[in-house]
Amino acid sequence: MVIDLNADLGEGFGIWKLGDDLALLDIVTSANVACGFHAGDPVTIRRTCAAAVDRGVSIGAQVSYRDLAHFGRREMEVEPEELCAEVLYQLAAVDGIARSMGGRVSYVKPHGALYNRICRDPGQAAAVIDAVADYDPSLPVLTLPGSAVHHAAAAEGVPTITEAFADRAYTPAGALVSRREPGAVIHDPAAVAARAVRMAVDNRVVAADGSEIAVSARSICVHGDTPDAVRLAQAVRDRLLEAGVVLQAFA
């Protein structure tokens, strides 16, 4: 059992700080670095990439809608050509900074509303995949199992990696419960850690309605912007190791 543990990092902006990136980088194996469209600024991106390189943590470009005001969590209607160009812009920017720090972007993970939209929208999924293919078609894209992204990526020869969310509630259909719904985010470290172990060992998770659903994932995400994110991520890491899971980046 080999699992990657990823978290969203570098999500501060100017004087506004969010999360403890350095502490999380000592726990996770992959860092989804904000690219400046939903959060992150050049200094924050540079510092996050440098710290990830120092710790041997894989760097991913966390691309988003252009939506600083709503932290990338507002679904938007964007023409495919524009969305492709904006994803390409973000990817190139973070990869350039990562390379100057001695690393590189090893994968792409869409953020927030864009992540959820391209799981079900073939048009927007294709636009995101087109951007990755234009930049480097060998870069894997992190997404939910069974999403529209897999079909778009296969058509372009872009690899995909499936992930699961230990701290998010699932619908019976295997999608993430909307953040507008109560209980969409799980904050109890023991509960989140237990869910992560079930995901890694049994490929199962309990959905919001109490049913059990299958989840097949190479990577498990814990969010860096939640309260007590470090304690939660540490609990997940500890429980996975206790269960005999090997923590290793996929890229």
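**Exercise 1. Which residues are linked with Glu77 in a network of salt bridges?**

Let's work through it; keep in mind that this is a predicted model.

Step 1. Start with one pair: the side chains of Glu77 and Arg117 form a salt bridge, 3.1 Å from N to O.

Step 2. Now place the two partners. Glu77 sits in the loop between β3 (58-62) and α3 (80-100), while Arg117 belongs to helix α4, so this pair ties together parts that are 40 residues apart in sequence.

Step 3. Widen the view. The network links Glu75, Glu77, Arg117, Arg120 and Asp121.

**Exercise 2. Sort Glu77, Arg117, Asp67 and Arg74 into buried, partly exposed or exposed.**

Step 1. You'll need the cut-offs: buried is under 20% relative accessible area, exposed is over 50%, and partly exposed lies in between.

Step 2. Take the pair you've just met. Glu77 has 67% relative accessibility, so it's exposed. Arg117 has 8%, so it's buried.

Step 3. Move to Asp67 and Arg74, whose side chains meet in a salt bridge at 2.8 Å, N to O. Asp67 is buried because its relative accessibility is 2%. Arg74, at 35%, counts as partly exposed.

**Exercise 3. Find the largest pocket and describe its lining.**

Step 1. Look for Gly112, Ala113, Asn116, Arg168 and Leu176, the lining residues that lie nearest the centre of the largest pocket.

Step 2. Note the space inside: about 590 Å³.

Step 3. Check what lines it. There are 28 lining residues, and by class they split into eleven nonpolar, nine polar and eight charged.

Step 4. Ask which element gives the largest share. That's helix α4 (residues 112-120), with six residues.

**Exercise 4. Do the same for the second largest pocket.**

Step 1. Its volume comes to about 230 Å³.

Step 2. Of its 13 lining residues, Lys17, Asp21, Thr44, Arg47 and Thr48 are the closest to the centre.

Step 3. Two elements, α1 (21-25) and α2 (42-55), each give two or more residues to this lining. The largest share, five residues, comes from α2.

Step 4. Sorted by class, the lining of the second largest pocket has four nonpolar, four polar and five charged residues.

**Exercise 5. Which residues make a nonpolar surface patch of about 300 Å²?**

Step 1. The patch is made by Phe13, Trp16 and Leu68.

Step 2. Zoom in on Trp16, found in the loop between β1 (2-9) and α1.

Step 3. Is Trp16 buried or partly exposed? Its relative accessibility is 46%, so it counts as partly exposed.

Key. Residues numbered from 1 in each chain as written. Predicted model: local features only at pLDDT ≥ 70, side-chain atom pairs only at ≥ 80, totals over all residues. Heavy atoms only, no water. 1 Å grid on protein atoms, 1.4 Å probe; cavity = no way out; pocket = protein on both sides within 12 Å on 5 of 7 lines; lining within 4 Å. Points joined across faces, edges and corners; volume = space filled by probe spheres on them. Helix = DSSP H or I, 4+ residues; strand = E, 2+ residues; numbered from the N terminus. Nonpolar A, V, L, I, M, F, W, Y, C, P; charged D, E, K, R; others polar. Patch = residues over 30% accessible without salt bridge, like charges linked within 9 Å, V, L, I, M, F, W, Y side chains within 5 Å. Areas by Shrake-Rupley, 256 points an atom, 1.4 Å probe, with all protein chains shown as cover. Salt bridge = Lys/Arg side-chain N within 4 Å of Asp/Glu carboxyl O. Buried < 20%, exposed > 50% of the residue type's maximum accessible area, 1.4 Å probe, protein only.
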